[in-house]
Amino acid sequence: MKIISYVFSSIFALVFLSLLVIFHPLQWISFNLFGSKGHSKMVACLNFSLTKSLLLLGVPVRLINNQKLSENTTIIFVSNHQSTFEVAPLGYFFRKYNAKFVSKIELGKGIPSVSYNLKKGGAALINRKDPKQAISELMEFAKRINKNKWSAVIFPEGTRSRDGKPKSFATNGLKILTKFNKEGYIVPVTINNSWKVFKHGKFPLGLGSPITITTHHPIKIDSLPFDELIAQTEKVIKEHIKQ
């Protein structure tokens, strides 16, 4: 089975990296000729392609969304974090909400397509080693999504859970985002099985473990004190994580 994993992992890696290289100039063209809206559409195409490329590993990605989400206000999607292969599906599935990511600053340079999108697409790039920069960046990001009625995706665990077991949530980033978006909503999101793509390590990749992304009932940000809001959000996310 592991020999098969090597074969399909190699094919997948080639396709995945090719997509990043191909879409990098396409993003540049879209942004410079058609502005942010044109760029957003190209990023949606990129995210769709990257999501579908996981099928080469026998890994379909399914969104389970039984919630009625408002498109006219800011939504903060709060999710557990198991692997890098969650980002493209989240970006694609939540594209109509103009979801922007809170990401570490290291991803803002040197990665085809990814770095360009983070810098030009309105994401927050935070330096975990510089709390002052991180707070300032998050404040500007919070104001930006509020002004434009965009949404945000944040992983409060900070680092990926490599075995699927959830880590404790850090609250500083969420506190800043909610402070400037009190009229918006938090939508808890639970991701399952994404970690299994890396169950053998970085290479070969794991085959045949479908990823599910489940949204839960939206919570009005100003309906609860912050501590209760975050506790409720964390509780519902972790209750639905399958081991």
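The exercises below, each with a worked solution, concern helix packing, strand pairing and some single residues in a predicted model.

**Exercise 1. Packing of α5 against α6**

Describe how helix α5 packs on helix α6, and decide what name fits the angle.

Solution.

Step 1. Two packed helices are described by the angle between their axes and the distance between the axes.

Step 2. Helix α5 covers residues 172-179 and helix α6 covers residues 226-239. Their axes are 11 Å apart, and the angle is about 120 degrees.

Step 3. Angles from 65 to 115 degrees count as roughly perpendicular and those over 145 as roughly antiparallel, with oblique for the rest outside the named ranges. The angle therefore makes α5 oblique to α6.

Step 4. The crossing of α5 past α6 is right-handed.

Step 5. On the α5 side the contact is made by L174, K175 and T178, and on the α6 side by F226, L229 and I230. Sorted by class, this contact of α5 with α6 has four nonpolar residues, one polar and one charged.

**Exercise 2. Packing of α4 against α5**

Work out the crossing of α4 and α5 and list the residues that meet.

Solution.

Step 1. The α4 and α5 axes come within 8 Å and cross at roughly 35 degrees.

Step 2. The sense of the crossing between α4 and α5 is right-handed.

Step 3. From α4, the residues I135, L138, M139, F141 and A142 take part; they meet G173, I176 and L177 of α5.

Step 4. By class, the contact of α4 with α5 holds seven nonpolar residues, one polar and no charged ones.

**Exercise 3. Strand β5 and its neighbours**

Establish whether the residues on each face of strand β5 are buried or exposed, then find the strands that pair with β5.

Solution.

Step 1. In a regular strand the side chains alternate between the two faces of the sheet.

Step 2. Strand β5 consists of residues 151-154. S151 and V153 lie on one side, with A152 and I154 on the other.

Step 3. A residue is buried if its relative accessible area is under 20%. S151, V153, A152 and I154 are all buried, and both faces of β5 are covered.

Step 4. Strand β2, residues 75-79, runs parallel to β5 and is joined to β5 by three bridges. I76 stands opposite A152 of β5.

Step 5. Strand β3, residues 99-104, is also parallel to β5, with three bridges joining them. Here A99 is opposite S151.

**Exercise 4. Strand β6 and its partners**

State how many residues of β6 are buried, and give the direction of each pairing with β2, β7 and β8.

Solution.

Step 1. Seven of the eight residues in β6 are buried, which leaves the strand mostly covered.

Step 2. β2 and β6 run parallel and are joined by five bridges. I186 of β6 is the bridge partner of I76.

Step 3. β7 pairs with β6 in the antiparallel sense, over four bridges. T215 in β7 is the bridge partner of V189.

Step 4. Strand β8, residues 219-220, is antiparallel to β6 as well, with two bridges. Y185 stands opposite K220 of β8.

Step 5. Return to I76: this residue stands opposite A152 in β5 and has I186 as its bridge partner in β6.

**Exercise 5. Backbone features in loops**

Locate P204, N193 and K149, and describe the backbone at each.

Solution.

Step 1. P204 is in the loop between β6 (185-192) and β7 (211-215). The peptide bond joining F203 and P204 is cis, with omega about 0 degrees.

Step 2. N193 is in the loop between β6 and β7. Phi of N193 is near 80 degrees, which is positive although the residue is not glycine.

Step 3. K149 is in the loop between α4 (131-148) and β5. K149 is not a glycine, yet has a positive phi of about 55 degrees.

Step 4. The relative accessibility of K149 is 35%, so K149 counts as partly exposed.

**Exercise 6. The surroundings of Q133**

Determine whether Q133 is buried or partly exposed, and name the residues it touches.

Solution.

Step 1. Q133 is in helix α4.

Step 2. Its relative accessible area is 23%, so Q133 is partly exposed.

Step 3. Leaving aside residues up to four places away in sequence, Q133 touches I105, L125, I126 and N127.

Step 4. Q133 and G173 are 40 residues apart in sequence, and their C-alpha atoms are 12 Å apart in space.

Note on methods
Residues are numbered from 1 along each chain as its sequence is written. This is a predicted model: local features need pLDDT of at least 70, side-chain atom pairs count only at pLDDT 80 or more; totals for chains, interfaces and linings use all residues. Side-chain values use heavy atoms; hydrogens and water are left out. Axes are lines fitted to C-alpha atoms, for helices over the stretch in contact, and angles run from 0 to 180 degrees between N-to-C directions. Angles under 35 degrees count as roughly parallel, over 145 as roughly antiparallel, 65 to 115 as roughly perpendicular and the rest as oblique. A crossing is left-handed if the near helix is turned anticlockwise from the far one by less than a right angle, and right-handed if clockwise. Contact means heavy atoms within 4.5 Å. Ala, Val, Leu, Ile, Met, Phe, Trp, Tyr, Cys and Pro count as nonpolar, Asp, Glu, Lys and Arg as charged, and the others, Gly among them, as polar. Buried means under 20% relative accessible area, exposed over 50%, partly exposed in between (1.4 Å probe, protein chains only). Two strands pair if DSSP finds at least two bridges between them.
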